[in-house]
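Me: I should like to study one protein chain by question and answer. Please show the sequence and the structure before the discussion begins.

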Amino acid sequence: IGMRAFSFDQVAMEAYTPPLTTPELSLKNLTYQSVKISWKAINNTDTYLVERKTANGDYQKIVELRNTSTEYTDETIADNTLYFYRVKAVAERTQSEFAVAQITTIAKLKTPELTEKSLSYNSLNITWKPVQNATSFILERKTNTSTYQEIAKLDSTKTDYTDNTLQENTVYDYRLKAFGKGTESDFALLKVTTATKLNTPILSTE
């Protein structure tokens, strides 16, 4: 039996739609909790699909954006972690290849270790060890009946502070945080109770 050729007479053929241009992707660390993802606009795009994975994970969709968007800030990351991002342009009948880039997020600073030494009933000295990559420290203080107030902003070379504005026999809470470029530490906490001032001696001439 002879084979007859297929006939496409009067059958409409869809025009070929070429793939979209692959986006040019760039990543930038903003803080230890956020990464900025940006790309150049692609003509004839409907949406951009943004996905992310860790070194040992699989890509997961984190957002799909309208064609007017060319950047996205990811605020759902861990610090000091390698991430791979990929972005592609999508249209109704076509799409681009994924653009891929990787970045290691900023590390969170180590929490300072606080110690204190009483100097008098109204004065004490607070000390801590240097924190790597810190550029400054903020020291705050409160009593049981107040809220934390900043009492000092110190540069990274400082490792102590003397507070001589205290009341006798009072409980004070201190907290110290280290700050760096795009990062910070957790607060280090310290609770102290000041000494009671001694009664003034009564002198007698007898």
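Me: What radius of gyration does the chain have, given that a compact globule of 206 residues would have one near 17 Å?
Reply: The model is a predicted one, in which local features need pLDDT of at least 70 and side-chain atom pairs count only at pLDDT 80 or more, while totals for chains, interfaces and linings use all residues. Residues are numbered from 1 along each chain as its sequence is written, and side-chain values use heavy atoms, with hydrogens and water left out. The radius of gyration is taken over C-alpha atoms, and the globule rule is 2.2 Å times the number of residues to the power 0.38. Against the globule value near 17 Å, the chain has 31 Å.

Me: What does the C-alpha trace of the chain span along its principal axes?
Reply: The radius of gyration of the chain is 31 Å. The spans along the principal axes describe the same trace in three directions, and they come to about 140 × 30 × 30 Å.

Me: How many helices and how many strands are there in the chain?
Reply: Both are DSSP runs numbered from the N terminus: helices are H or I with at least four residues, and strands are E with at least two. By this count the chain has zero helices and 15 strands.

Me: What percentage of the residues of the chain count as buried?
Reply: Buried means under 20% relative accessible area, exposed means over 50%, and partly exposed lies in between, with a 1.4 Å probe and protein chains only. Of the 206 residues, the buried share is 36%.

Me: Which strand gives the largest share of the largest nonpolar core?
Reply: A nonpolar core is a set of buried Ala, Val, Leu, Ile, Met, Phe, Trp, Tyr and Cys residues joined through side-chain atoms within 4.5 Å. The largest one has 20 residues, and Leu25, Val35 and Tyr85 are among those with the most contacts inside it. Elements that give two or more residues to this core include strand 1 (25–31), strand 2 (34–39) and strand 6 (82–90). The largest share, four residues, comes from strand 6.

Me: Which residues of strand 6 does Leu25 touch?
Reply: Contact means heavy atoms within 4.5 Å. Residues up to four places away in sequence are not counted, and the residues touched by Leu25 include Ile37, Trp39 and Ala99. Strand 6 covers residues 82–90, and from that stretch Leu25 touches Tyr85, Arg86 and Val87.

Me: What is the order of the strands in the open sheet of four strands?
Reply: Two strands pair if DSSP finds at least two bridges between them. The pairing in this sheet is antiparallel, and strand 4 and strand 7 are the edge strands, each pairing on one side only. The order is 4-3-6-7.

Me: Which residue in strand 7 is the bridge partner of Tyr83?
Reply: Strand 6 and strand 7 run antiparallel and are joined by six bridges. In strand 7, the partner of Tyr83 is Ile103.

Me: Why is strand 10 largely enclosed by the rest of the structure?
Reply: Ser136, Ile138, Glu140 and Lys142 point one way from strand 10, Phe137, Leu139, Arg141 and Thr143 point the other way, and all are buried. Strand 10 is largely enclosed because the number of its residues (136–143) that are buried is eight of the eight.

Me: Which residue in strand 13 is the bridge partner of Thr143?
Reply: Strand 10 pairs in the antiparallel sense with strand 11 (residues 149–155) over six bridges, and these two form a hairpin with five residues between them. Strand 10 also pairs in the antiparallel sense with strand 13 (residues 171–180), over eight bridges. In strand 13, the partner of Thr143 is Tyr172.

Me: Is Pro130 buried or exposed?
Reply: Pro130 lies in the loop between strand 9 (123–128) and strand 10. The C-alpha atoms of Pro130 and Thr157 are separated by 7.6 Å, although these residues are 27 apart along the chain. Because its relative accessibility is 65%, Pro130 counts as exposed.

Me: What is the phi value of Asn80?
Reply: Asn80 is in the loop between strand 5 (71–74) and strand 6, and at 52% relative accessibility Asn80 counts as exposed. Its phi is positive in a residue other than glycine, with a value near 50 degrees.
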